[in-house]
Amino acid sequence: MQEQNRQSAVSSGQASNNVEDFAYKESFGNSGLIITQLDNLLNWSRLSSLFPMTFGIACCAIEFMSTGTTPFDMDRFGMAPFASPRQADVMIVAGTVTFKMADRIKRLYEQMADPKYVISMGSCSNCGGPYWQHGYHVVKGVDKIIPVDVYVPGCPPRPEALIGGIMKLHDKIRGESIMTSRNNG
Amino acid sequence: MDREKLLSLLASSNVKPQWVENSNPTTLLIDKIDLPGVCQQLWNNPDFFFDQLSCITGLDCGPETGTMEVIYNLYSIPFNQSLMLKVVLPRENPEVESVSAIWKSANWLEREIFDMYGIKFLNHPDLRRILLPADWEGFPLKKDYQEQETYRNIKLAPES
């Protein structure tokens with residue numbers, strides 16, 4: 001499982017986060033003038049500082065916290081855990097979603113400002129995980145409550161896998177356009 | 001545990017205790033009507049001073065037996081001794097007096113028992129579900145519990 005997670009993190013981590021690769025089209029000498037597409041500029045600004053809402057509801061949260069520490073350094077993607085839904089951009093659902101928690105998750109999701117994204121982290125929030133068959137109290141997947149953009153497999157996923165998921169979300173945002181409405185979920 | 005002292009204490013309040021043999025800690029089976037009085041005595045009496053209610057356990061013995069049990073684990077910090085109290089209730093409409101007026105810790109413990117087994121604690125200050133949503137149907141740790149199909153239009157069972 002760990003090996004698999006590493007693999008998926010490595011393969012999806014290849015997308016470049018370098019500004020010049022996709023945002024700036026041309027520049028004129030030292031004039032300080034740049035030309036770019038509005039879409040590219042917006043997407044670049046959105047994906048370069050995704051503030052995740054701290055949403056640790058089970059053991060996956062430990063790996064999420066670990067992602068924020070120096071060895072994995074979530075801050076290099078401009079991400080710092082945020083304790084309020086109002087200024088957060090992405091909700092990382094890290095853990096088992098019980099029916100009682102589902103209400104709160106939905107409300108917090110609704111309180112987030114658009115554009116908003118959801119990463120479902122770990123087996124529990126993907127599909128119920130170990131509570132698949134006998135967990136009467138567990139929602140079998142957070143996608144029954146709110147739309148999910150990226151699913152990160154693992155139980156729990158290693159920080160590399162979560163970073164892989166964040167890279168996937170970057171890819172998704174990179175392909176967005178203001179002329180088309182965002183495909184929810 | 002000084003059984004003689006405990007017996008004389010209980011005799012003073014007209015309680016006929018039943019010892020549960022070979023149990024550790026010492027276990028006393030008492031009638032549910034005697035429970036508040038016995039608890040008050042055990043808490044108050046300077047010879048015992050059971051000042052801590054460590055745990056309350058609920059138990060469903062199943063429809064065949066037709067009983068439910070509530071088990072109280074008491075601990076006396078000054079005397080370093082433990083005592084277990086056991087109350088047997090009927091499975092239909094189980095009710096027992098709350099001890100939350102004596103031990104504050106009983107409040108949430110009793111709410112948990114109510115949540116899982118549906119045992120009513122009389123004169124409890126705030127008897128609501130504690131772990132499950134307020135509009136949940138049924139009591140999950142009962143032996144004959146049937147899961148509801150859906151909760152607020154979400155299916156409980158996984159879609160295979």
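A salt bridge is a side-chain nitrogen of Lys or Arg within 4 Å of a carboxyl oxygen of Asp or Glu. Keep that in mind for the exercises below.

This is a predicted model, in which local features need pLDDT of at least 70 and side-chain atom pairs count only at pLDDT 80 or more, while totals for chains, interfaces and linings use all residues. Residues are numbered from 1 along each chain as its sequence is written, chains are lettered from A and ligands numbered from 1 in the order in which they are written, and side-chain values use heavy atoms, with hydrogens and water left out.

**Exercise 1.** Find the salt bridge between chain A and chain B, and describe the contact around it.

*Solution.*
- Start with the count: chain A and chain B share one salt bridge.
- Next, name the partners: A:Asp103 and B:Arg152 join through their side chains, at 2.9 Å from N to O.
- Now widen the view to the whole contact (heavy atoms within 4.5 Å). Chain A gives nine residues to the contact and chain B gives 17 residues.
- Finally, look at buried area, the accessible area (1.4 Å probe) that two parts lose on being put together, summed over both. For these two chains the figure is about 1200 Å², with 65% on carbon and sulfur atoms. On the chain A side, A:Phe99, A:Lys100 and A:Tyr136 supply 56% of what that chain buries against chain B, more than any other three residues.

**Exercise 2.** Work out which helices and strands build chain B, and in what order.

*Solution.*
- Helices (H or I, at least four residues) and strands (E, at least two) are DSSP runs, numbered from the N terminus.
- Counting them in chain B gives three helices and nine strands.
- Reading along the sequence, you meet them as α-β-β-α-β-β-β-β-α-β-β-β.
- For the dimensions, the C-alpha trace of chain B spans about 60 × 30 × 25 Å along its principal axes.

**Exercise 3.** Place B:Leu59 in chain B: is this residue buried, exposed or partly exposed?

*Solution.*
- Locate B:Leu59 first: the residue belongs to strand S3, residues 52-60.
- Recall the classes: buried means under 20% relative accessible area, exposed over 50%, and partly exposed in between (1.4 Å probe, protein chains only).
- B:Leu59 has a relative accessible area of 34%, so B:Leu59 is partly exposed.
- Then list the neighbours: leaving out residues up to four places away in sequence, B:Leu59 touches B:Met68, B:Glu69, B:Ile71 and B:Tyr117.
- For the wider setting, 42% of the 160 residues of chain B count as buried.
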